[in-house]
Amino acid sequence: MGLVVVWAVTNLVSLGKASDAILRENYRSILAAENMVDALERQDSGVLLYVGGSEKGIRQFRENESVFLQWLARAKDNITIPGEGELVQTIEASYAKYRQEFSAQTDLRDASKPPLRLPYYQETLFPLFAEVLESCIRLRNLNEETMYNASLKAGDVANRAIWSTVFVAASALMVALIFSLLLAERIVRPLRRFMEASRKISAGDYAVQVAVETDDELGRLAGEFNQMAAQLGQYHEMNIDQIISEKNKGEAILSSIEDGLVVFDTALKVTGINPAGRRMLDLEFSEVTTLVCDDILPSPNVREMIRRTVEKGVQPDVPEEQRIITLQKADRSLHYHFSVTPIWGRDRNLSGIVLLLRDVTRLKEVERLKSEFIMAASHELRTPLTGMGMSVDLLLEHAAQSLAEKDRELLQAAHEEVHRMKALVNDLLDLSKIEAGKIELQFEQVAVQTLFENVQDVFKGQAEMKQVKLTSELAGDLPQVRADVNKVTWVLTNLISNALRYVGQDGQIQIAAKKIGPHVHLSVRDDGPGIPPEYQSKIFQKFVQVKGRQSGGTGLGLAICKEIVRAHGGAIWVESSPGQGSTFTFTLPEAR
Ligand code: ADP
């Protein structure tokens, strides 16, 4: 483009210069010729005036003579075109003749002689005048012609300049195009190689290399690229080794653990199972991956739990005792505790479920043996304890007066301890019987009001004695419940006697019932000292008592309550904050 601009400017400048010089010079010559013609014509008029007898004619001739000569001098100074010099010389010569002729007639004039005659003018002066005039007109025409030719030439030059500029511009454009194509190809070719190499790397071919051909930026980029590909290859190798070793590690751990593990996808298809799991569920290795949850798990409990976990993404809150499945194997019943854990994918999407099965058959067996032993032991202990109790009672009744004060105190202490032991043995016996399933519940439909009235009658006297207000509150639309009246009364009795034990004088105990869902909630609320949070989940276990509160109880009451409520298909819990009292609530199913 620079070249084109320089070319065009040069052309324009030279064109301008050429036409300007020609026009200026020719214009000067034309002007001189014109003025000479003017002066000459006025001289001719002067001559005619003189011929007519006026002296003014001579003056006019002389005045215009100097004008003519002035312009002639200018024309002489401005000879620029061929033939112009000769023409000016001709003018000068013929004008000199014209002047001489006129001067001869006027300068040497005799005043007596008559002035110039017309015939003389016509024969001598006029032809001379006509010759000068014609030469002047030729000078003018010559210059005009030259000017016209110069303008034609300038047009030609301009045309040539236009075309040559177009040609130069087109050539420059072609050269630029060729250069840009070559340059683009030079840049794009290596980029194509980079693209190809990147594609191979993403397809897993890390051995790919881009040729380093030049020493410029692209060459250096190729070097860096090759280094990056080599490092990626190393990382890939490392990752694969790591993944394989992690997988082997995982498999070794899964194979070595005693608990059964089954992995399901979200469509509940089995995607993995460890040897312990196969053993527990009696499955062959080959058939495992074609099975779904319903094929391998006979218990609806666990299937339901897996399904709910897949739907909600979290393991449902199910009581521990409902997390046991029992499978029959040969002539044995095997018990497994199960738990379900969701597996999360990359974007926190559920990708599967792990079912963990723990064999608790031995634990169950030990539990059963323990319950049987406690049952047998407490049964055996009851008879001698009853005997001992009766003896101590009789002794206290009949021989107390004859004993020394200290001995009597000892006897009284023995009496209390024997009765505590009897209560403990009775509670233990009851609990072990329920745990071993030895107690058959007598279910019947009963109104909660009846249950409340029973216990209120029992505790009326005690409450009055301790000046405790015992009230009951029943929701209006309470349905009947399905329950063993004696056992539920036992639970209520135990809860109210606990409450009575802990409320202070003028305390308040309220028993209440309301329906929530398919269950009726029965609660015993007191305004006693409350139960510390760390004990609230533990006090339903055997022998757990809040430290520092001597109640004289066995620590078995709430454990028995829990077993009875569980046998009814319900649950029991406590809500309490220390110093604010406690509310024990248990649920019973609505009678249908
Ligand atoms: P115990 O025979 O000791 O009463 P329980 O199983 O009935 O055995 O109760 C366990 C423990 O729970 C009690 O020792 C007591 O510390 C605490 N407890 C039970 N009921 C109440 C209550 N209403 N207020 C405060 N503490 C209570």
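Visitor: What makes a residue in the shell around the ligand count as nonpolar, polar or charged?
Guide: Ala, Val, Leu, Ile, Met, Phe, Trp, Tyr, Cys and Pro count as nonpolar, Asp, Glu, Lys and Arg as charged, and the others, Gly among them, as polar. By that rule the shell holds nine nonpolar, ten polar and three charged residues. Please keep in mind that this is a predicted model, where local features need pLDDT of at least 70 and side-chain atom pairs count only at pLDDT 80 or more, while totals for chains, interfaces and linings use all residues. Residues are numbered from 1 along each chain as its sequence is written, and side-chain values use heavy atoms, leaving out hydrogens and water.

Visitor: Which residues come nearest to the ligand?
Guide: A residue is near a molecule if one of its heavy atoms lies within 4 Å of it. Of the 22 residues around the ligand, Asn 498, Arg 501, Asp 526, Gln 545 and Leu 558 come nearest.

Visitor: Which helix gives the largest share of this shell?
Guide: Helix 12 does, with five residues. Helices here are DSSP runs of H or I with at least four residues, and strands are runs of E with at least two. Helix 12 (485-502), helix 14 (557-567) and strand 12 (582-589) each supply at least two shell residues.

Visitor: Why is the approach of Thr 554 to the ligand called a polar contact?
Guide: The term covers a pair of N or O atoms within 3.5 Å. A polar backbone atom of Thr 554 is 2.9 Å from a ligand oxygen, so the pair qualifies. Val 546 also has a polar backbone atom 3.0 Å from a ligand oxygen, so that pair counts too. Taken alone the ligand exposes 520 Å² (Shrake-Rupley method, 1.4 Å probe), and the protein buries 98% of that.

Visitor: Where does the ligand sit, and what makes "sits" the right word?
Guide: The ligand sits in the second largest pocket, so more than half of its atoms lie within 2 Å of that pocket's grid points. A pocket is an open set of points on a 1 Å grid where a 1.4 Å probe fits, with protein on both sides within 12 Å along at least five of seven lines; lining residues have an atom within 4 Å of a point.

Visitor: What volume does the second largest pocket have, and which residues are closest to its centre?
Guide: Its volume is about 670 Å³. Of the 30 lining residues, Asn 494, Asn 498, Arg 501, Gly 553 and Gly 557 are closest to the centre.

How values were computed. A polar contact is a pair of N or O atoms within 3.5 Å; within protein, one must be able to donate a hydrogen and the other to accept it, and residues adjacent in sequence count only if both atoms are side-chain atoms. Grid points are joined across faces, edges and corners, and a volume is the space filled by probe spheres set on the points.
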